[in-house]
Amino acid sequence: MLLTAFGGFMSLIFLAMLVLAVVALVLAVLAREDAYRAANKQTKMFWLIILGVTVAVNLLVPVIFLQIAGLVATIVFFVDVRPALQQVSGGGRGGRRGGGSSSDGPYGPYNGGR
């Protein structure tokens, strides 16, 4: 009984790892190639290969060591690469969605030292 519950829990964990990897892969595909260079990150092709291999490993090769390595790569993409791409592309938290002007800084309007 306990072993069956543990197996179900691990299945949910593996499913979550797969979903995260697929989402990261889709986000990597949608980002522009020049944004990777502008953010000083690895190339788009590099991340597509890494995240594609991660998805394939999660689907086809149930080896926990490889799945954890892929999870680390996915986390790096979400924590480091994606925010840098958003910042370079003008899409992050400081974007112009709120209607700010082009002279707005991170803490409000820039007044030129006046």
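**Entry 1: surface and overall make-up**

I began with the surface: the protein chain has an accessible area of about 8100 Å². Carbon and sulfur atoms hold 68% of that area. I note here that the model is a predicted one.

Next I looked up burial. Of the 114 residues in the protein chain, 22% are buried.

Then I went through the secondary structure. I found four helices and two strands in the protein chain. Read from the N terminus, the order is α-α-α-α-β-β, with the helices listed ahead of the strands.

I also checked how the contacts are spread along the sequence. Among contacts in the protein chain with a separation of 6 or more, 61% join residues 24 or more positions apart.

**Entry 2: salt bridges**

How many salt bridges are there? I have three on my list. As general background, side chains of opposite charge can pair when their charged atoms come close.

The entry I took up to start with was R32 with D34, whose side chains form a salt bridge at 3.0 Å from N to O. I looked up the exposure of both partners. R32 has a relative accessible area of 46%, so I wrote it down as partly exposed. D34 is partly exposed too, at 35%.

I then turned to E33 and R37, which form a salt bridge with an N to O distance of 3.7 Å. Where do E33 and R37 lie? Both are in helix α2, which covers residues 33-38. They are four residues apart, and I noted that this is about one turn of the helix. E33 is partly exposed, with a relative accessible area of 33%. R37 comes to 55%, and the cut-off for exposed is over 50%, so R37 counts as exposed.

I also looked up K41 and D80, a salt bridge in which the closest N and O atoms are 3.1 Å apart. This pair links distant parts of the chain, its two residues being 39 residues apart. I placed K41 in the loop between α2 and α3, and D80 in helix α4, residues 64-89. Helix α3 itself covers residues 44-60. On exposure, K41 is partly exposed at 27% relative accessibility, and D80 is partly exposed at 36%.

**Entry 3: aromatic rings**

I counted the aromatic pairs next and have three. One of them is F46 with W47, where the ring centres are 5.4 Å apart. Why is this pair edge-to-face? The ring planes of F46 and W47 stand at 90°, and planes over 60 degrees apart count as edge-to-face, so the pair gets that label.

I checked how much of each residue is covered. F46 is partly exposed, with a relative accessible area of 34%. W47 is at 7%, and buried means under 20%, so W47 counts as buried.

Another pair is F77 with F78, with ring centres 6.1 Å apart. Their planes are at 75°, so I entered this pair as edge-to-face as well. Is F77 buried or exposed? F77 is buried, at 1% relative accessibility. F78 is partly exposed, at 25%.

Last, I looked at how the rings join up. Ring pairs link F46, W47, F77 and F78 into a cluster. Within that cluster I have W47 noted as buried and F77 as buried, while F46 is partly exposed and F78 is partly exposed.

Conventions:
Residues numbered from 1 in each chain as written. Predicted model: local features only at pLDDT ≥ 70, side-chain atom pairs only at ≥ 80, totals over all residues. Heavy atoms only, no water. Buried < 20%, exposed > 50% of the residue type's maximum accessible area, 1.4 Å probe, protein only. Contact = heavy atoms within 4.5 Å. Areas by Shrake-Rupley, 256 points an atom, 1.4 Å probe, with all protein chains shown as cover. Salt bridge = Lys/Arg side-chain N within 4 Å of Asp/Glu carboxyl O. Phe/Tyr/Trp six-rings, centres within 6.5 Å; stacked < 30°, edge-to-face > 60°.
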